Amino acid sequence: MEFTTLTDHVHVQDVSKKDFKESWIKTNKPVLIKGLLDQTPASKWDLNFLEKEIGHFKVKVFDSQHKNRTAYLRGDHYVSMNHMLHLIRENKPSDLRMFVNPILSKNKKLAKEIPCPDFFTCRFQLPNMMFLGGKGTVVPLHYDFMYDDGLLLQLFGRKEIILVEPKQAHLLYRIPFNSTSMVNLFQLDVSDYPALKKLKAYRVTLDHGDTIFIPSGYWHQMIYTDASLSIGFRKWHRNPFVTFKTGVIRLTQIPFDKSLSLIFGKYWFNWKVNQSKRFEKSH
Ligand SMILES: O=C(O)CCC(=O)C(=O)O
């Protein structure tokens, strides 16, 4: 496996909507964007303020108990947002992880303080998402399942990201009916996953205030250097047909996968993991 540090970066002041589309969205290339947070009132947010504004909400989180699952969107149980914010305050390790949570849409005043940047807005704007986890949290390797383009802005803490271009997806042991992989690129195991030897990936650290552009179909995995909180902005794929086709596929795939998981539990999970390895062997 070969890692290259992602060095491409731009300053938000030099980014126009047209340039961003031509240089990064159409070419499907990741880039680090500097200065975005400073342009928003959210640059002044602190933990006391967030606790007051959103701390009382209940949020759904993942924990590490549910190992026989490959669904990755909403989480397993509820905790208070205050509980999650406390992880940041203490910079604590934790097995709780909040993923793609649109919590800011419950507080319009707050959502307005961190708007989707102009160069990334689209028709039928999706709400901003929040991602939060303790120090050492590992986000499973995946791509965003609607082939949307994503920006991830780091509000608190630091995280490391590995990015793999879509054309190397066949080396990643994708789980069937899903957009995730069981492979942990931060802890390489080439005896179990030999195809990884051929993999080339980008690696980048997201510091406070940094934003990464994760293009459509790019696989990504994160490890939280510190307890971290990020905001995600999403943009539908530039070709509406891709969104439509993917939507139809997901609408059948997700209920199918969930039903079999409910009926067969770990047997279904194990079958999928075995299939992901078989799929690789045929390449
Ligand atoms: O930082 C995280 O926790 C995950 C972010 C992510 O997967 C995304 O923005 O698509």
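In what order do the strands of the 7-strand open sheet run? Read across, the order is β2-β3-β12-β9-β14-β7-β6, and the pairing is mixed. Keep in mind for every view below that this is a predicted model.

**View 1. The sheet of 7 strands, with β2 and β6 at its edges.** This is the open sheet we just walked across, β2-β3-β12-β9-β14-β7-β6. Its edge strands are β2, residues 9-11, and β6, residues 97-101, and each of them pairs on one side only. Go from one strand to the next and the twist averages 25 degrees. Zoom in on β3 (residues 31-34) and you'll find it joined to β12 (residues 211-214) by 3 bridges, with the two strands running antiparallel. A handy place to spot this pairing is Ile33, which stands opposite Thr211 in β12.

**View 2. Strand β6 and its link to β7.** Strand β6 is joined to β7 (residues 129-133) by 3 bridges, and the pair runs antiparallel. Look for Arg97 here: its bridge partner in β7 is Gly133. Is β6 mostly enclosed or left open? Of its 5 residues, 4 are buried, so β6 is largely enclosed by the rest of the structure. Val100 also sits in this strand. Val100 has 17 C-beta neighbours inside 10 Å, and because a buried residue needs 20 or more, Val100 counts as partly exposed. Measure out from there to Arg123 and you cover 20 Å between C-alpha atoms, for a separation of 23 residues in sequence.

**View 3. The sheet of 5 strands, from β1 to β8.** Here the strands form an open sheet in the order β1-β11-β10-β13-β8, again with mixed pairing. At the edges stand β1 (2-5) and β8 (138-142); each has a single partner strand, so one side of each is left without a neighbour in the sheet. On average, neighbouring strands of this sheet are turned by 20 degrees against each other, direction ignored. Inside the sheet, 5 bridges tie β10 (residues 159-164) to β11 (residues 200-206), and these two strands run antiparallel. Glu160 is one to pick out, since Glu160 stands opposite Thr205 in β11.

**View 4. Two residues in the loop between β10 and β11: Phe186 and Tyr173.** Start with Phe186, which lies in this loop. Leaving aside residues up to four places away in sequence, Phe186 touches Val138, Gln221 and Ile223. Phe186 counts as partly exposed because it has 14 C-beta neighbours inside 10 Å. His208 is 22 residues away along the chain, and its C-alpha atom is separated from that of Phe186 by 21 Å. Now find Tyr173 in the loop between β10 and β11. Tyr173 is buried, with 22 other C-beta atoms within 10 Å. Check its backbone too: phi is positive at about 55 degrees, although Tyr173 is not a glycine.

**View 5. Tyr147, in the loop between β8 and β9.** What is the phi of Tyr147? It is positive, about 55 degrees, although Tyr147 is not a glycine. Most residues other than glycine have a negative phi. As for its surroundings, Tyr147 is buried, since 21 other C-beta atoms lie within 10 Å.

**View 6. Helices α2 and α3 in contact.** The axes of α2 (residues 47-54) and α3 (residues 81-90) come within 10 Å and cross at roughly 175 degrees. An angle over 145 degrees counts as roughly antiparallel, and that is therefore how α2 and α3 are oriented to each other. On the α2 side, the contact is made by Leu47, Leu50, Glu51 and Ile54; α3 brings Met81, Asn82, Leu85, Ile88 and Arg89. Sorted by class, the contact has 6 nonpolar, 1 polar and 2 charged residues.

**View 7. The shell around the ligand.** Which residues surround the ligand? They are Phe131, Val139, Asp144, Gly150, Leu152, Lys159, Ile214, His220, Met222, Ser230 and Gly232. Three strands each supply at least two residues of this shell: β9 (149-156), β13 (219-224) and β14 (228-235). The mix by class is 5 nonpolar, 4 polar and 2 charged residues.

Note on methods: Residues numbered from 1 in each chain as written. Predicted model: local features only at pLDDT ≥ 70, side-chain atom pairs only at ≥ 80, totals over all residues. Pairing = 2+ DSSP bridges. Axes fitted to C-alpha atoms, helices over the stretch in contact; angles between N-to-C directions. Near = placed C-beta within 6 Å. Nonpolar A, V, L, I, M, F, W, Y, C, P; charged D, E, K, R; others polar. Buried ≥ 20, exposed ≤ 12 C-beta atoms within 10 Å, placed from the backbone. Contact = placed C-beta atoms within 7 Å. Parallel < 35°, antiparallel > 145°, perpendicular 65-115°, else oblique.
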